[in-house]
Amino acid sequence: MTSRRRTLTPLIAAAVCAARIALAAEDTASPKITGTVVYRERIALPPDAVVHVLLEAAGAPELPPKRIAEITVPTAGRQVPIPFELPYRASAVDPNKRHFVRATITSGDRTLFASRTPYPVLTKGAPSKVEILVLQSGVGKPRPAAPPAASFPLADSEWKLVALGQTPAAAEPDARPATLAFEGANRRISGSTGCNRFMGTFAPGEGSALKLDPNGMTLMACPDRATQQESAFLAALRSTTGYRVEGAKLELLDGQRVVARFESSGGAGTRSE
């Protein structure tokens with residue numbers, strides 16, 4: 001019996017060692033998303049700042065995204081760009097779904113910066129290396145006083161997208177149209193990209209100057225054509241520097257260039273300056 005135990009012990013030890021080697025090899029081979037988290041403001045991060053990066057899969061219509069993996073990176077006094085490596089299980093990634101990463105930078109219980117839009121990764125031709133731009137959080141900042149609704153011609157109006165530049169708006173069967181609505185009292189915008197809902201803020205300037213900030217969005221799976229329109233629509237909103245209203249038609253402008261055309265969906269949308 002003693003001899004048999006002596007024989008088994010080295011075998012068991014060898015098996016345990018082999019298992020550990022296999023696990024180590026599996027860990028080394030684990031796929032990763034790599035990249036950096038950056039922001040444009042000239043603000044130094046506090047020493048206790050922490051970067052959080054999430055990997056999510058787009059959910060079915062009207063369902064929230066599914067979290068696949070996440071990582072926390074203490075900055076330890078480092079400043080942007082902050083590099084990250086986000087491991088994930090390959091079996092958790094569905095090649096037929098779209099996957100996205102988001103990021104935040106926090107200090108204690110305060111969110112200092114956050115990404116406003118998801119960044120596509122891994123599937124549908126998206127990369128595994130990405131630079132995530134985060135914007136300064138408005139938490140704790142006083143909201144500027146909103147002007148009276150009557151002082152802004154687009155206040156409390158809703159518009160249906162007709163074209164992005166010279167490209168007509170996509171019209172998928174049974175899909176909701178792409179829209180843009182202005183809420184004058186709170187300087188809020190909202191609408192649909194043709195698939196996902198978005199929300200954000202607007203800031204009118206002198207004359208017909210206008211800035212739009214679509215800073216939040218649902219994350220649902222969309223057909224390829226709707227996804228392409230969504231990216232172009234959000235880019236047009238962010239590039240807007242002014243607007244022009246003619247009867248029931250609205251044009252968003254980047255300088256003198258028309259980036260988006262709309263028609264009134266009702267409400268106060270037919271007012272002009």
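Buried, for my purposes here, means under 20% relative accessible area. Note to self: this is a predicted model.

**Aromatic pairs**

I looked up the ring pairs first. A pair of aromatic rings is described by the distance of the centres and the angle of the planes. My lookup turned up 4 aromatic pairs in the structure.

I checked Tyr-39 with Phe-113: the ring centres are 4.0 Å apart and the planes sit at 10 degrees, so I have this pair down as stacked. Where do the two residues sit in the chain? Tyr-39 is in the loop between β1 (32-38) and β2 (50-57), while Phe-113 belongs to strand β6 (residues 110-114). That puts the partners 74 residues apart, so the pair links distant parts of the chain. Both Tyr-39 and Phe-113 are buried.

Next I took Phe-233 and Phe-262. Here the centres are 6.1 Å apart with the planes at 45 degrees, so this pair is tilted. Phe-233 comes from helix α2 (residues 224-239) and Phe-262 from strand β18 (residues 257-267), so the pair ties together parts 29 residues apart in sequence. Buried or exposed? I checked Phe-233 and Phe-262. Phe-233 is buried at 0% relative accessible area, and Phe-262 also counts as buried at 2%. I also noted that ring pairs join Phe-198 to Phe-233 and Phe-262 in a cluster.

**A sheet**

Then I turned to an open sheet of 3 strands, which runs β4-β1-β8 with mixed pairing. Its edge strands, β4 (82-87) and β8 (129-133), each pair on one side only. Neighbouring strands in this sheet are turned by 25 degrees against each other on average, direction ignored. I found β1 and β8 paired in the parallel sense over 5 bridges. Val-37 stands opposite Ile-132 of β8.

Methods:
Residues are numbered from 1 along each chain as its sequence is written. This is a predicted model: local features need pLDDT of at least 70, side-chain atom pairs count only at pLDDT 80 or more; totals for chains, interfaces and linings use all residues. Side-chain values use heavy atoms; hydrogens and water are left out. Rings of Phe, Tyr and Trp (its six-membered ring) pair if their centres lie within 6.5 Å; planes under 30 degrees apart count as stacked, over 60 as edge-to-face and the rest as tilted. Helices (H or I, at least four residues) and strands (E, at least two) are DSSP runs, numbered from the N terminus. Buried means under 20% relative accessible area, exposed over 50%, partly exposed in between (1.4 Å probe, protein chains only). Two strands pair if DSSP finds at least two bridges between them. Axes are lines fitted to C-alpha atoms, for helices over the stretch in contact, and angles run from 0 to 180 degrees between N-to-C directions.
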